[in-house]
Amino acid sequence: MYLIALCDDEEKELDKTEQMLSAYQRSHTGCMFIVRRFKSAPELLDAVKQEEYAPDLLLLDIYMPHKNGMFAARQLREMGNEGRIIFLTTSKEHALDAFGVGATQYLVKPVTEKELFPVLEKSLGEIDDRRNRYLLLRIDGRIQRVALDQILACEAQGKRQCLHLADGTQATLRMTIAELSKMLSEYEEFVKVGASYIINLAHVDSLNCQEVCLDSGKNIYLPRGAYASLRERYFRYYCGGG
C-alpha cells in the first residue's frame, strides 16, 4: 500500500491525475494506492505538520496561487519528509530547481499515461527498496526492525554495541562488533573503522586525518592509520553513485 498526495489548484487536473493512478492500479495486480487530494501547498503542508501525514509519493503542480509546488517541496524536505516527488507542471522553467529537492521526475503538462507510468514504476520501486532496507535486531530483550538509513554509527563497548540513531537515540545490542559488521557487510555505505566503530558513510558530513564528523554533529576520532582507507571508501561511495 502506498500513500499518495496530489496537489494542484485545478480540480480537473486532480481528476485527471487520479484517473491515471486508477488505471495504473488496474494494470498492476496487487498495487494499492490511498490517494489524498490537496488544492494548495499550505493545505498539504498543514496536513503533514498537524496530522503527521507522511505520503510515500507526491505529485505536485508548481504554478499555484500563494505558495507554489517548489516551495511546498522545500518545506516538506525541511520537515523531514522523504517521499518521492513528481512535478507535473506547464513549463520547463523550474526543471533545474527540481534537482535541489530530490525530485524523481519533472513532467510537463498535459501528462499522458505513457509518460507517467514509467515514472510511477521507478518511484514505487525506490519506495519498496527503501522499505526493505532494515535489520532485525534484539534490543532490550525485544526483536526490533531498524531502518539502515537511521543508523549513524555503531560503537563497540566490550561485548555490547551501541547504535547511534538519526533521531538522537541510542540502542544497545548484545553482540560483538564482528557479528554486526558481518550483518552490514552487504551494504556499501557501512564501513568498519578501527576496532571500535562501524560508520554509515551516508551520514558523514566531513572527515580529516583526525576525525569523522557525522551530520548529527557527533565526532568520531580516527585511530592511527585509518584515514587513508576511509577516505578512499568515502570517495568511492559517493563518486560511485551510492
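Which residues in helix 2 meet which residues in helix 3? The model in which this is answered is predicted. From helix 2, the residues are A41, L44, L45 and V48, and they meet F71, A72, Q75 and L76 in helix 3.

## Overall structure

The secondary structure of the protein comes to 7 helices and 15 strands. Along the principal axes, the C-alpha atoms fill a box of roughly 60 × 40 × 35 Å.

The protein has 242 residues, and 43% of them count as buried. Among contacts between residues at least 6 apart in sequence, 51% join residues at least 24 apart.

## Helix 2 and helix 3

Two packed helices are described by the angle between their axes and the distance between the axes. Helix 2 spans residues 41–50 and helix 3 spans residues 69–78; their axes come within 9 Å and cross at roughly 15 degrees. Angles under 35 degrees count as roughly parallel, so helix 2 is roughly parallel to helix 3. The crossing of the two helices is right-handed.

The contact between them is made by A41, L44, L45 and V48 on the helix 2 side and by F71, A72, Q75 and L76 on the helix 3 side. By class, the residues of this contact divide into 7 nonpolar, 1 polar and no charged.

## N68, ahead of helix 3

N68 lies in the loop between strand 3 (57–60) and helix 3. Its relative accessible area is 27%, and N68 is therefore partly exposed. Not counting residues up to four places away in sequence, N68 touches A41 and I62. A41 is also one of the helix 2 residues that meet helix 3.

The side chain of N68 has polar partners in the backbone. It reaches the backbone nitrogen of M70 at 3.1 Å. A polar atom of the N68 side chain also lies 2.8 Å from the backbone nitrogen of F71, and F71 is among the helix 3 residues that meet helix 2. Farther along the chain, N68 and D8 are 60 residues apart in sequence, while their C-alpha atoms are 9.5 Å apart in space.

## K109 and its contacts

K109 is found in the loop between strand 5 (105–108) and helix 5 (113–132). Is K109 buried or exposed? Its relative accessibility is 17%, so K109 counts as buried; the cut-off for that class is under 20%.

Leaving aside neighbours within four places in sequence, K109 is in contact with D8, E13, D61, L88, T89 and T90. With D61 there is a polar contact of 3.4 Å between the side chains.

E13, another residue in contact with K109, is found in helix 1 (residues 11–27). E13 and K109 are 96 residues apart in sequence, and their C-alpha atoms are 9.5 Å apart in space. Not counting residues up to four places away in sequence, E13 touches D8 and K109. D8 is thus listed with both E13 and K109.

## G168

G168 is found in the loop between strand 9 (160–165) and strand 10 (170–173). With a relative accessible area of 64%, G168 is exposed. G168 and L152 are 16 residues apart in sequence and 9.6 Å apart in space, C-alpha to C-alpha.

How values were computed. Residues numbered from 1 in each chain as written. Predicted model: local features only at pLDDT ≥ 70, side-chain atom pairs only at ≥ 80, totals over all residues. Heavy atoms only, no water. Axes fitted to C-alpha atoms, helices over the stretch in contact; angles between N-to-C directions. Helix = DSSP H or I, 4+ residues; strand = E, 2+ residues; numbered from the N terminus. Parallel < 35°, antiparallel > 145°, perpendicular 65-115°, else oblique. Left-handed = near helix turned anticlockwise from the far one by under 90°. Contact = heavy atoms within 4.5 Å. Nonpolar A, V, L, I, M, F, W, Y, C, P; charged D, E, K, R; others polar. Buried < 20%, exposed > 50% of the residue type's maximum accessible area, 1.4 Å probe, protein only. Polar contact = N/O pair within 3.5 Å; in protein donor to acceptor, adjacent residues only side chain to side chain.
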